[in-house]
Amino acid sequence: MTARFRFRRFDGLDDGVIQLQAGRHIREDPVEGLVPAYGFHIILSATGEVIGMLYLRISSSPYIHLYAGHIGYWIDEPFRGRRFAARACRLVVPVARAHGLDALWITTNPDNLPSRRTCELIGARYVETVDVPPHSPMFAEGDRQKMRFLWELN
């Protein structure tokens, strides 16, 4: 898929509080191989300080839908609790739509309450909790279950 995939430039991903700036573009996944993905630094607009990352996988497969998700994000510890992850998810919607994605899967570990809250804030709907298969690299890292949220981009 990566040979045919065409990355695009996205400027102006800024809501006045945070902005997204593209970093890496191809992500190696232990199950999927090379997966086209945009990697964005999450930056405070006022200071230019990098406070986290967001990855958007532009690929759909059972593994992504069930375990990895289309979106992955994290916020550095000193900046958590201010809804920056939810803001970043909303800012990446035009990128997903430009690549024909009208719904995104987000997965999280059941004990990750901040990530679950982010899913609620953006309007993602909880679908189910699935067991991580023992042969998955996620299982080897200690993950036993993933909560699956579907975010329909209206």
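## Exercises on strands and turns

E3 and E4 make a hairpin in which 5 residues lie between the two strands, and Gly 48 in the turn shows a positive phi of about 80°. This is a predicted model, so let's walk through it together.

**Exercise 1.** Find out which way strands E3 and E4 run and how many bridges join them.

*Solution.* Start with strand E3, residues 33-44: it runs antiparallel to E4, and 7 bridges join the two. Next, look for one facing pair: Ile 42 is opposite Gly 52 in E4. Now turn to E5, which pairs with E4 over 5 bridges, again in the antiparallel sense. Here Leu 54 faces Tyr 73 in E5.

**Exercise 2.** Decide why strand E4 counts as largely enclosed by the rest of the structure.

*Solution.* Take "buried" as under 20% relative accessible area. Then go through residues 50-57 of E4: 7 of the 8 are buried, so the strand is largely enclosed by the rest of the structure.

**Exercise 3.** Work out which strands stand at the edges of the open sheet formed by E6, E8 and E7.

*Solution.* First, write down the order of the 3 strands, E6-E8-E7, with antiparallel pairing. Strand E6 (103-108) and strand E7 (125-131) each have a single partner strand, so they are the edges, and one side of each has no neighbour in the sheet. From one strand to the next, the twist averages 25°. Finally, check E7 against E8 (residues 145-152): 6 bridges link this antiparallel pair, and Arg 125 is opposite Leu 150 in E8.

Terms used
Residues numbered from 1 in each chain as written. Predicted model: local features only at pLDDT ≥ 70, side-chain atom pairs only at ≥ 80, totals over all residues. Heavy atoms only, no water. Buried < 20%, exposed > 50% of the residue type's maximum accessible area, 1.4 Å probe, protein only. Helix = DSSP H or I, 4+ residues; strand = E, 2+ residues; numbered from the N terminus. Pairing = 2+ DSSP bridges. Axes fitted to C-alpha atoms, helices over the stretch in contact; angles between N-to-C directions.
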